[in-house]
Amino acid sequence: MTEAEIKAFLTVVNAGNVTEAARELYLTQPALSRRLHALEQSLGYSLLTRGKGLRNVELTPEGKSFIPLAEKWLRLFAESKELPRQMEQVHNFNLGLTESICIGLLPDILKQFIRENPLCHLNIHQYHSEDCYRQMESGALNFAFVGKEMFSRQLKAEPVYRSPFRLVSSVPLPEDVRHPSCLPCDKELFVPWNTEFQLWHDYWFGTALRPRVWLNIMPPLSGLLQEEGAWSVVPEYIARYLCQSHSFYVYDLQEAPNPITLFALYHKEKIHRYGEIILALWKRNATGLQDVK
């Protein structure tokens with residue numbers, strides 16, 4: 001019994017005769033008749049009573065009873081063809097990350113995730129926090145780590161990490177200079193970490209003075225910090241990342257901005273299976289990170 005044979009039977013039923021059914025299937029009448037005969041042989045009983053000239057057909061009692069079974073068979077054939085795509089969806093995981101989280105916190109966790117989930121097709125997408133929310137709501141992302149909590153009817157933002165800010169400098173700074181009122185704006189590398197940080201910056205530096213460099217991407221920061229006298233206020237995890245490749249000076253900043261909070265972002269109704277796994281890995285392996293109280 002094949003899909004083509006069942007389609008031949010149902011087409012004849014709907015058309016009412018072999019000639020019209022053969023035309024719809026782009027077959028010759030003998031070819032269509034062979035398919036019907038093969039189906040009847042597989043079943044062991046007749047489905048159709050042929051009229052004169054093989055043109056008109058009538059259903060046998062068995063043929064009438066077989067119609068819903070044939071339709072069910074076609075649905076099963078269609079579902080079986082969809083199985084590879086469905087399996088791809090089951091193991092496909094679209095993860096959204098902000099740039100700072102990607103380079104500063106997740107590399108080791110992602111390596112462990114890949115080792116422990118060999119069937120997962122991991123797709124990592126880098127966005128700003130606002131874009132992660134939009135991509136999650138549209139279904140393009142399954143899970144995300146973001147730096148902002150925003151309103152969403154569909155999504156839950158769970159706080160998973162809090163980090164203080166640190167002052168990073170290319171040159172040593174005496175203790176009495178580690179205060180925002182003493183830092184030269186013309187040497188600043190400014191990154192707009194979040195709205196609260198921006199308000200803190202406006203308070204101490206005003207809105208008229210412009211920093212030496214304004215960045216919303218991370219790669220240039222390390223190189224620019226090597227300039228004489230350059231400095232930046234960054235989360236502690238970024239300070240650690242920057243010091244992996246260069247010998248910068250890292251200080252506690254007086255009157256520092258409030259710590260930055262990072263969030264795991266997932267759908268309220270149901271968290272993705274791989275989202276649960278990577279969140280558990282984060283909580284289990286993020287040693288040395290500041291806990292959320």
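The paragraphs below lead through two sheets and several helices of this structure, which is a predicted model.

A good place to begin is the sheet built from 5 strands, which is open and mixed in its pairing, and in which the strands follow the order β4-β3-β5-β12-β6. At its edges stand β4, residues 121-126, and β6, residues 155-163, each of which pairs on one side only. Between neighbouring strands of this sheet the average turn is 20°, with direction ignored. At the β6 edge, the partner is strand β12 (residues 260-267), and the two run antiparallel and are joined by 8 bridges. Within this pairing, Lys156 has Tyr266 of β12 opposite.

Two helices can be placed against these strands. Helix α11 packs on the sheet, where it touches β3, β5 (143-146), β6 and β12, and its direction makes an angle of about 35° with that of β5. Helix α6, made of residues 107-116, lies across β3 (92-97) and β4, and runs at about 160° to β4.

Helix α11 deserves a longer look. It covers residues 273-285, and its 13 residues, at 1.5 Å each, should span 18 Å, which agrees with the 18 Å that separate its end C-alpha atoms. The buried residues of α11 include Tyr274, Gly275, Ile278, Leu279, Leu281 and Trp282. Because these residues cover an arc of only 155° around the axis, they lie on the same side of α11. Such a pattern fits a general rule: an α-helix has 3.6 residues a turn, so residues three or four places apart point the same way. On the face of α11 that is turned away from the buried side, Lys283 and Arg284 are exposed.

The other sheet is also open, but it has 3 strands, in the order β10-β7-β11, and its pairing is antiparallel. Since β10 and β11 (249-251) stand at the edges and have a single partner strand each, one side of each is left without a neighbour in the sheet. Neighbouring strands here are turned against each other by 30° on average, direction again ignored. On one side, strand β7 (residues 165-169) is joined to β10 by 5 bridges, the two strands running antiparallel, and in this pair Leu167 has Val233 of β10 as its bridge partner. β7 also pairs with β11, in the antiparallel sense and over 3 bridges, and there the bridge partner of Ser169 is Tyr249 in β11. Is the edge strand β10 mostly covered or mostly open? Strand β10, which comprises residues 231-235, is mostly covered, with 5 of its 5 residues buried.

The last stop is a pair of helices earlier in the chain. Helix α2 (residues 18-25) packs against helix α3 (residues 29-43) at an angle of about 100°, and their axes are 9 Å apart. This angle makes α2 roughly perpendicular to α3. On the α2 side, the contact is made by Val18, Thr19, Ala21, Ala22 and Leu25, while α3 contributes Gln29, Leu32 and Ser33. Of these contact residues, Leu32 is also one of the buried residues of α3, which include Ala31, Leu36, Leu39, Glu40 and Leu43 as well. For α3, the 15 residues should span 21 Å at 1.5 Å a residue, and the end C-alpha atoms are indeed 21 Å apart, which agrees. After α3 comes Gly44, whose phi is positive and near 90°.

Key. Residues are numbered from 1 along each chain as its sequence is written. This is a predicted model: local features need pLDDT of at least 70, side-chain atom pairs count only at pLDDT 80 or more; totals for chains, interfaces and linings use all residues. Side-chain values use heavy atoms; hydrogens and water are left out. Buried means under 20% relative accessible area, exposed over 50%, partly exposed in between (1.4 Å probe, protein chains only). Helices (H or I, at least four residues) and strands (E, at least two) are DSSP runs, numbered from the N terminus. Two strands pair if DSSP finds at least two bridges between them. The expected span of a helix is 1.5 Å times one less than its number of residues. The arc is that of the directions from the helix axis to the C-beta atoms. Axes are lines fitted to C-alpha atoms, for helices over the stretch in contact, and angles run from 0 to 180 degrees between N-to-C directions. Angles under 35 degrees count as roughly parallel, over 145 as roughly antiparallel, 65 to 115 as roughly perpendicular and the rest as oblique. Contact means heavy atoms within 4.5 Å.
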